[in-house]
Amino acid sequence: MPSNSVYQEETIPTQWERAWQNFRANSLAMFGLWCLLFLLIVTLTAQWLAPYSPIKQVGELLMPPSWDNSGHVNFFFGTDDLGRDILSRLIIGSQLTFGYALLVAFASSIIGLLIGILAGMSKGLKSSFLNHILDTVLSIPSLLLAIIVVAYMGPGETHILLAIWLALIPRFIRAVYTAVHTEVAKDYVIAARLDGANNFYLLWNSILPNILSTIITEMTRAISIAILDIAALGFLGLGAQTPQPEWGAMLGDSVELIYLAPWTVTLPGLAIMLSVLVINLVGDGLRQALNAGID
């Protein structure tokens, strides 16, 4: 008889644990995640973090940043042409640009996900009709569609959010519809149907886990598009109105000062660029981690 031996069962990591391990191994993705958490904290606590009022004159006109010889330590990023603290305006502006972009992207993803799943699981005339409508709507750039809606409804924060929400929904529907429609036609779904699996079981246990990377990719793309569209509409004067410290509006108000006071243009532009970069880093890292976890 063989001697007694102790067998140690190895714990097999789940798909989510493997995805998190792969994500942690990506240094750029982790850097983006920490930056994203920092942006979220700043956005949620902006009212308490801002050292000054974003709409009141608190210093001299066009005071350079504190690292300049003419700058002052009390105004780290300097002041604008009305003597308002740029750091405070950037912090409060994160709610109007970054925070609203997150809100619009999540709202549009919910509607787009539901309609895309229903369309992808259906067949025949309904699916074909929706497909042609989406092709027509997606032929119009999202920014142009948002400008059309804002031009009709008038400028304002509520109107630009509604315009960008309407512009992003077709993108989600199209992406989810294509992914679900592709998965439904695969052999493992057909085999599960033959075994008696209903649509809800197939969707929850088979289709959604396999299209999660597509949803993540479209979500990050939607957030980036929302940030750029909100900033672009603010730059054009169709979004948040003066004196609201929206990043695009700050950029548009200071563009004439680019040679006299370049920090008033550079800092809002950097805020827009870095927020989009951070979202893309996290999104790419999540997509790669999920795909590697599935493989």
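## Pockets, starting with the largest

A pocket here is an open set of grid points where a 1.4 Å probe fits, with protein on both sides within 12 Å along at least five of seven lines. Keep in mind that this is a predicted model. The largest pocket comes out at a volume of about 450 Å³. It has 18 lining residues, and the ones closest to its centre are Phe38, Leu39, Trp247, Ala271 and Leu274.

Which helix gives the most to the lining of the largest pocket? That's helix 11, with eight residues. Helix 11 spans 263-294, and along with helix 2 (27-44) and helix 4 it is one of the helices that each supply at least two residues of this lining. As for chemistry, the lining of the largest pocket has 17 nonpolar residues, one polar residue and no charged ones.

## The second largest pocket

Next up is a pocket with a volume of about 240 Å³, the second largest. Its lining is made of 15 residues, and Leu36, Phe106, Ile223, Val282 and Leu286 sit nearest the centre. Helix 2, helix 4, helix 9 (199-235) and helix 11 are the elements giving two or more residues to this lining.

How does the lining of the second largest pocket divide into nonpolar, polar and charged residues? The split is 13 nonpolar, two polar and no charged.

## Transmembrane annotation

The UniProt record, an unreviewed entry, marks residues 28-50, 98-121, 133-153, 159-177, 222-240 and 260-282 as "transmembrane region". Two of these stretches can be set against the model's secondary structure. Residues 98-121 are 100% helix and 0% strand, and the C-alpha atoms at the two ends are 34 Å apart. Residues 222-240 are 74% helix, again with 0% strand. The end C-alpha atoms of 222-240 are 20 Å apart.

## Pro54 in the loop

Now for the loop between helix 3 (46-49) and helix 4 (86-121), which is where Pro54 is found. Is Pro54 buried or exposed? Its relative accessible area is 16%, and the cut-off for buried is under 20%, so Pro54 counts as buried.

Who are its partners? Leaving out neighbours within four places in sequence, Pro54 is in contact with Arg84, Ser88, Arg89, Ile92 and Pro245. Take Arg84: it is 30 residues away from Pro54 in sequence, yet the two C-alpha atoms are 6.4 Å apart in space.

## An aromatic cluster around Trp67

The structure holds five aromatic pairs. In one of them, the rings of Trp67 and Phe76 have centres 5.6 Å apart and planes at 75°, so this pair is edge-to-face. Trp67 also pairs with Phe77, edge-to-face as well, at 6.0 Å centre to centre and with 75° between the planes. Trp67 and Phe77 both lie in the loop between helix 3 and helix 4, so their pair ties together parts that are 10 residues apart in sequence. Put together, Trp67, Phe76 and Phe77 form one aromatic cluster.

How accessible are the cluster's members? Trp67 is exposed, with a relative accessible area of 56%. Phe76 counts as partly exposed at 42% relative accessibility. Phe77, on the other hand, is buried, with a relative accessible area of 18%.

Terms used:
Residues are numbered from 1 along each chain as its sequence is written. This is a predicted model: local features need pLDDT of at least 70, side-chain atom pairs count only at pLDDT 80 or more; totals for chains, interfaces and linings use all residues. Side-chain values use heavy atoms; hydrogens and water are left out. UniProt positions are given in the numbering used here, feature names are shortened, and annotations may be inferred rather than shown by experiment. Helices (H or I, at least four residues) and strands (E, at least two) are DSSP runs, numbered from the N terminus. Buried means under 20% relative accessible area, exposed over 50%, partly exposed in between (1.4 Å probe, protein chains only). Contact means heavy atoms within 4.5 Å. On a 1 Å grid over the protein atoms alone, a cavity is a set of points where a 1.4 Å probe fits but cannot get out, and a pocket is an open set with protein on both sides within 12 Å along at least five of seven lines; lining residues have an atom within 4 Å of a point. Grid points are joined across faces, edges and corners, and a volume is the space filled by probe spheres set on the points. Ala, Val, Leu, Ile, Met, Phe, Trp, Tyr, Cys and Pro count as nonpolar, Asp, Glu, Lys and Arg as charged, and the others, Gly among them, as polar. Rings of Phe, Tyr and Trp (its six-membered ring) pair if their centres lie within 6.5 Å; planes under 30 degrees apart count as stacked, over 60 as edge-to-face and the rest as tilted.
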